[in-house]
Amino acid sequence: MRVVYSEKYVTMDLEGHVFPNTKYKLILEELEKLGVVDEVLPPIEISPQDLEIVHEREYIDDFVNLRRTFRTLRSEMPLNKSIVEGFILMAGGTLQASYVALEDGFGYHIGGGFHHAYEDHAEGFCYVNDIAFAIKKLKLEGKIKRAAVIDCDLHQGNGTAHIFRNDPDVFTFSIHEDPIYPWPKEKSDWDIGLPALTGDEEYMRRLREAVPKIYDDFKPEFVIYQAGADPYRKDILGDLMLSIEGLKERDEIVLGEAHKRGIPVAITLGGGYAPNLQDTVKIHVNTALVANELLKNLA
Ligand SMILES: [Zn+2]
């Protein structure tokens, strides 16, 4: 399968922040070792101005000029030149993965999923909402009309929900742990807020209720999947209790139900803060393997 990646994701200097951006390189290496990578595509090059289809000019201006204002300071990440370049590049990466998805069925971005970024400010570990950028760009180019976001990160996709709150052609779905950040939550088109300690069985039951119904009722022509690794039971930021096998089953539901209906899916990675980085890598690699298996069935 074709994947999207840039070395610049890993050379971003996060100044010791908990976000493990080295995971991106390890995921690529593991996928190459497993022989599932046919081609590694670079992100589409985009300019800060291009981001104005999602973000307000004043916010982008503060961000690219490294100004610490109320717009940028709500991010818990540091702010430096490599981070500005890396986050803008990752929006181009999710766009590239979206083009691949429209051609191949699935596009896997070894990056992206920064769902806490709002139109006018940064939040969480997110500066640029790559998910909203890719969807808006495809709509403007006339490639799609209706899209859905299936957000399975531990945390609610609050920025994405807010950006599309008045857009009847974009359905936002988020399944997340309820009693943690962000607080208060935004209103997605469909939210499933789970109590702490929810495990595989209950999670899959709720996901199986929602995903096929969204695909059948809303009929998206395109889906972006935020496949966060942080609902994992050992994750340090949350208390959902999913196993590595459970997270793979989650991927099979989201991707398999789309595949059955011929809906293309761009995959973004989102969070993942397991004490052992290899667990986070394995969870993300499994998502690619599920997509790759489904593509083989198509061929
Ligand atoms: Zn998260």
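A zinc ion is held in this predicted model by three residues: Asp153 through OD, His155 through ND1 and Asp230 through OD, at 1.9 to 2.2 Å. Read along the sequence, these donor residues follow the spacing D-x1-H-x74-D.

Let us look at Asp153 in more detail. Asp153 sits in the loop that runs between β4 (147-151) and α6 (158-163). Both Asp153 and His155 are buried. Although buried, Asp153 has no salt bridge, and the nearest side chain of opposite charge, that of Arg250, is 7.0 Å away. The side chain of Asp153 does reach the backbone nitrogen of Gly271, at 3.0 Å.

Two other loop residues, Val18 and Pro264, can be set side by side with their surroundings.

| Residue | Loop between | Relative accessibility |
|---|---|---|
| Val18 | α1 (8-11) and α2 (23-33) | 40% |
| Pro264 | α8 (244-260) and β8 (265-268) | 12% |

Is Val18 buried, exposed or partly exposed? Val18 counts as partly exposed because its relative accessibility is 40%, and the partly exposed class lies between under 20% for buried and over 50% for exposed. Pro264, in turn, counts as buried because its relative accessibility is 12%, and buried means under 20%.

Val18 also belongs to a nonpolar patch on the surface. Its partners there are Ile236 and Leu237, and together the three residues have about 240 Å² of accessible area.

Finally, how far apart are the C-alpha atoms of Pro264 and Glu76? They are separated by 33 Å, and the two residues are 188 residues apart along the chain.

Key
Residues are numbered from 1 along each chain as its sequence is written. This is a predicted model: local features need pLDDT of at least 70, side-chain atom pairs count only at pLDDT 80 or more; totals for chains, interfaces and linings use all residues. Side-chain values use heavy atoms; hydrogens and water are left out. Donors are N, O and S atoms within 2.8 Å of the metal (3.2 Å for Na, K and Ca); water is not among the atoms, so sites may look incomplete. Buried means under 20% relative accessible area, exposed over 50%, partly exposed in between (1.4 Å probe, protein chains only). Patches are made of residues with over 30% relative accessible area and no salt bridge: like charges are joined within 9 Å, nonpolar side chains (Val, Leu, Ile, Met, Phe, Trp, Tyr) within 5 Å. Accessible areas come from the Shrake-Rupley method with a 1.4 Å probe; for residues, only the protein chains shown count as cover. A salt bridge is a side-chain nitrogen of Lys or Arg within 4 Å of a carboxyl oxygen of Asp or Glu. Helices (H or I, at least four residues) and strands (E, at least two) are DSSP runs, numbered from the N terminus. Lys and Arg count as positive and Asp and Glu as negative; His and the chain ends are not counted. A polar contact is a pair of N or O atoms within 3.5 Å; within protein, one must be able to donate a hydrogen and the other to accept it, and residues adjacent in sequence count only if both atoms are side-chain atoms.
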